[in-house]
Amino acid sequence: MRIGMALNYSGGFAETADEVGDLERAGLDIAFIPEAYSFDAVSQLGFLAARTSRIELASGILQIYTRTPSLTAMTAAGLDYVSNGRFVLGLGASGPQVIEGFHGVRYDAPLGRTREIIDICRAVWRREKLEYQGKYYQIPLPADRGTGLGKPLKLINHPVRERIPVILASLGPKNVELTAEIAEGWQPIFFYPEKAQTAWGEPLAKGKAKRDPSLGELQIYASPALAIGEDVDHMHEWIKPHLALYIGGMGARGKNFYNDLACRYGFESEAAKIQDLYLDGKKDAAAAAVPDELVRAVSLIGPESHVRERVAAFAEAGVTTLNVMPMAQDRAGRVALIEKLRSICD
């Protein structure tokens, strides 16, 4: 089992970069840099590439709408170059609130666009002259839509690798099916090991049936909160506002991917209640309505024996990387948690 972590740089990125070195020595295998509507991830990934030597570095995630496919490919190849082959391209559709609300770009066709973007990226990395006629992207741009001067080009530089690993963050059945078909890795949110087969088994099987063997086995990156000790049970309550935000507040009624997931896990009535409360502005009540069972199942919080059992459950469900959120207040605490988890996973 590999260990990953999404980096939080709210306290300052220089401090975060210093901490990554300690985390790397403690046994962290891969670090994810988020890019919601914060600072861009790319500049920080490049900075971390210079400050680390072994750890993999991943975008977590670059959303698919605001960079052209070719720029996404160039960016990934550049980050792979400066990190000496340690970059992993995390992609996702994000959601209408961010794409239309912050970027002013239409949110449409996430599945079709994702497939075409990955096709184009892989062609760029192979240094092919880029000619692509898809439904959503046509390269070069057709003459009747521009100056007519565009011509097929190939990447000037030779990439470190012609196949940079791609991780897709996906939730819905069709998205998960696509992920299992075309990506090296899958990053689900709120992964419940015992109910993963019920929630995602069918789309995973459909996607894997069409999967190119050269992609290897699908790598699964779960994202549990982490706290190990005899006196950490109260930290389950700290997770509830986060779950309530997604289940209740990310989207509108009838258009909330995370609420749909809670329903697929069997929490239909609870999901409806959380959403009603959250959208009514009753955020504390919405958090209190999050089921204890769900919080405990998607987290690694408890004594070492309990965490060891849960790690085994995640592994049994097919998880290959635990992309954890250490519940510690300082750098030393986070490093200590990664060390403890490393010993459990080994």
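Me: What makes Arg-253 and Asp-276 a salt bridge?

Reply: A salt bridge is a side-chain nitrogen of Lys or Arg within 4 Å of a carboxyl oxygen of Asp or Glu. In this predicted model, the closest N and O atoms of Arg-253 and Asp-276 are 3.2 Å apart, so the pair fits that definition.

Me: Which parts of the chain does this pair tie together?

Reply: Arg-253 lies in the loop between helix H8 (236-249) and helix H9 (257-264), while Asp-276 is in helix H10 (residues 268-279), so the pair ties together parts that are 23 residues apart in sequence. Helices (H or I, at least four residues) and strands (E, at least two) are DSSP runs, numbered from the N terminus.

Me: Why is Arg-253 called partly exposed?

Reply: Buried means under 20% relative accessible area, exposed means over 50%, and partly exposed is in between (1.4 Å probe, protein chains only). Arg-253 has 47% relative accessibility, so it counts as partly exposed. Asp-276 gets that label too, because its relative accessible area is 36%.

Me: A quick word on the ground rules, please?

Reply: Happily! Residues are numbered from 1 along each chain as its sequence is written, and side-chain values use heavy atoms, with hydrogens and water left out. As this is a predicted model, local features need pLDDT of at least 70 and side-chain atom pairs count only at pLDDT 80 or more, while totals for chains, interfaces and linings use all residues.

Me: How do you know that Arg-122 and Glu-184 form a salt bridge?

Reply: Their closest N and O atoms are 3.0 Å apart, and the rule asks for within 4 Å, so the pair counts. Arg-122 sits in helix H5, and Glu-184 in the loop between helix H6 (173-182) and S9, 62 residues apart.

Me: Are these two, Arg-122 and Glu-184, buried or exposed?

Reply: Arg-122 is buried, because its relative accessible area is 9%. Glu-184 is buried as well, at 12%. Glu-184 also meets Arg-163 in a salt bridge (3.6 Å, N to O). Since Arg-163 lies in the loop between S7 and S8, this pair ties together parts that are 21 residues apart in sequence. Arg-163 is partly exposed, at 32% relative accessibility.

Me: How many salt bridges are there by this rule?

Reply: The count comes to 25 salt bridges.

Me: What makes the link between the side chains of Glu-19 and Arg-334 a polar contact?

Reply: A polar contact is a pair of N or O atoms within 3.5 Å (within protein, one must be able to donate a hydrogen and the other to accept it, and residues adjacent in sequence count only if both atoms are side-chain atoms). The side chains of Glu-19 and Arg-334 make such a contact at 2.6 Å. Glu-19 is found in helix H1 (residues 13-26) and is buried, because its relative accessible area is 9%.

Me: Why is Pro-193 called buried?

Reply: Its relative accessible area is 9%, so Pro-193 is buried. Pro-193 is found in the loop between strand S9 (185-186) and helix H7 (196-209). Leaving aside neighbours within four places in sequence, Pro-193 is in contact with Ala-297, Arg-310, Ala-313, Phe-314 and Ala-317; contact means heavy atoms within 4.5 Å.

Me: Where is Val-160?

Reply: Val-160 is in the loop between strand S7 (138-139) and strand S8 (166-169). At 40% relative accessibility, Val-160 counts as partly exposed.
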